[in-house]
Amino acid sequence: MTKINRQQIVDEALALLDEVGLDGFSTRRLAQRLGVEQPTLYWHFKRKEDLLTAMAEATLAPHGAAALPEPGDDWQEWFLENYRSFRRVLLQHRDGARLHAGTFPSAEGLDRLLRKFAFLGDAGLPEQDAQMGMLAASRFTVGSALEEQSENDSQPSADLPPIDHDRAFEAGLRLLVGGLARTRPPG
């Protein structure tokens, strides 16, 4: 019998996701791919949802490893790069945005998020506006990636000009930053 560990399962699950997408993904297919019986997967992940959560966490690992902002950093530039990084990791895997949607940060992720809120507060943004600005930017980023990945699976109408997703994302993100900047008291 083949011995596998959690990391092997997650790695192979992400490779399968890239091949078949979220709709084609199943633990049965994953077990076949790994050369194990399906119950072996449930020894490591009690439910399919637990496996999907581990996959989402693995896809976000590069973003989660990015340096946190430091005092004195330009908050607007940091904000822009933070969401660019988030978008990049969502787009690295087929259906990465769908995989991530609806997940919640781990304890470590929550700690990082609170430190980001504190950075924005130290930069002079009102606490509530910093939190809502990050929430809006996060949802905008997931939605943008979701639309881009969905478009890759379908044929756009010949009557519509092609969308430059990078340009559209940058424009929307800069609008969010501009709105957030207006909440900062002068001085």
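Buried means under 20% relative accessible area, exposed means over 50%, and partly exposed lies in between. Keep those cut-offs handy for the exercises below, which work through a predicted model.

**Exercise 1. Classify Q38 and place it in the chain: which helix holds Q38, and which residues does Q38 touch?**

Step 1. Start with accessibility. Q38 has 30% relative accessibility, so it counts as partly exposed.

Step 2. Find the element. Q38 belongs to helix α3, which covers residues 38-44.

Step 3. List the contacts. Leaving out residues up to four places away in sequence, Q38 touches T27, R28 and A31.

Step 4. Add the record. In an unreviewed entry, UniProt lists residues 26-45 as "DNA-binding region". Over residues 26-45 the chain is 75% helix and 0% strand, with its end C-alpha atoms 13 Å apart.

Step 5. Try a long distance. From C-alpha to C-alpha, Q38 and L160 are 45 Å apart in space, and 122 residues separate them in sequence.

**Exercise 2. Describe the overall fold: how many helices and strands does the protein chain have?**

Step 1. Count the elements. The protein chain has nine helices and zero strands, and the pattern along the sequence reads α-α-α-α-α-α-α-α-α.

Step 2. Frame the chain. Along the principal axes, its C-alpha atoms fill a box of roughly 65 × 45 × 20 Å.

Step 3. Check burial and contacts. Of the 187 residues, 38% count as buried. Among contacts with a separation of 6 or more, 77% are between residues 24 or more positions apart.

Step 4. Look at the annotated domain. UniProt places "domain: HTH tetR-type", from an unreviewed entry, at residues 3-63. That stretch is 82% helix and 0% strand, and its end C-alpha atoms lie 30 Å apart.

**Exercise 3. Characterise the largest pocket: what is its volume, and which residues are closest to its centre?**

Step 1. Take the volume, which is about 1,000 Å³ for the largest pocket.

Step 2. Move to the centre. The lining has 31 residues, and L60, F86, H100, F104 and P105 are the closest to the centre.

Step 3. Sort the lining by class: 15 residues are nonpolar, eleven are polar and five are charged.

Step 4. Trace the lining to its helices. At least two lining residues come from each of α4 (48-64), α5 (75-91), α7 (107-122) and α8 (127-152).

Step 5. Follow one residue outward. Not counting residues up to four places away in sequence, F86 touches L60, H63, H100, S138, T141 and V142.

**Exercise 4. Map the nonpolar cores: which element gives the largest share of the largest core?**

Step 1. Pick out the best-connected members. In this core of 24 residues, W75, F79, Y83, F86, L120, M134 and L173 touch the most other members.

Step 2. Assign elements. Two or more residues come from each of α5, α7, α8 and α9 (165-181). The largest share, eight residues, is from α5.

Step 3. Look for another core. A second, separate one has 21 residues, including L16, F25, F45 and A54.

**Exercise 5. Compare two charged residues: are R87 and D95 buried or exposed?**

Step 1. Take R87, in helix α5. Its relative accessibility is 9%, so R87 counts as buried.

Step 2. List its partners. Aside from neighbours within four places in sequence, R87 is in contact with T141, S144, E148, H165, D166 and F169.

Step 3. Turn to D95, in the loop between α5 and α6 (96-100). At 8% relative accessibility, D95 is therefore buried.

Step 4. Inspect the backbone. D95 has a phi near 60°, a positive value in a residue other than glycine.

Methods. Residues numbered from 1 in each chain as written. Predicted model: local features only at pLDDT ≥ 70, side-chain atom pairs only at ≥ 80, totals over all residues. Heavy atoms only, no water. 1 Å grid on protein atoms, 1.4 Å probe; cavity = no way out; pocket = protein on both sides within 12 Å on 5 of 7 lines; lining within 4 Å. Points joined across faces, edges and corners; volume = space filled by probe spheres on them. Helix = DSSP H or I, 4+ residues; strand = E, 2+ residues; numbered from the N terminus. Nonpolar A, V, L, I, M, F, W, Y, C, P; charged D, E, K, R; others polar. Core = buried A, V, L, I, M, F, W, Y, C linked by side-chain atoms within 4.5 Å. Buried < 20%, exposed > 50% of the residue type's maximum accessible area, 1.4 Å probe, protein only. Contact = heavy atoms within 4.5 Å. UniProt positions renumbered as here; feature names shortened; annotations may be inferred.
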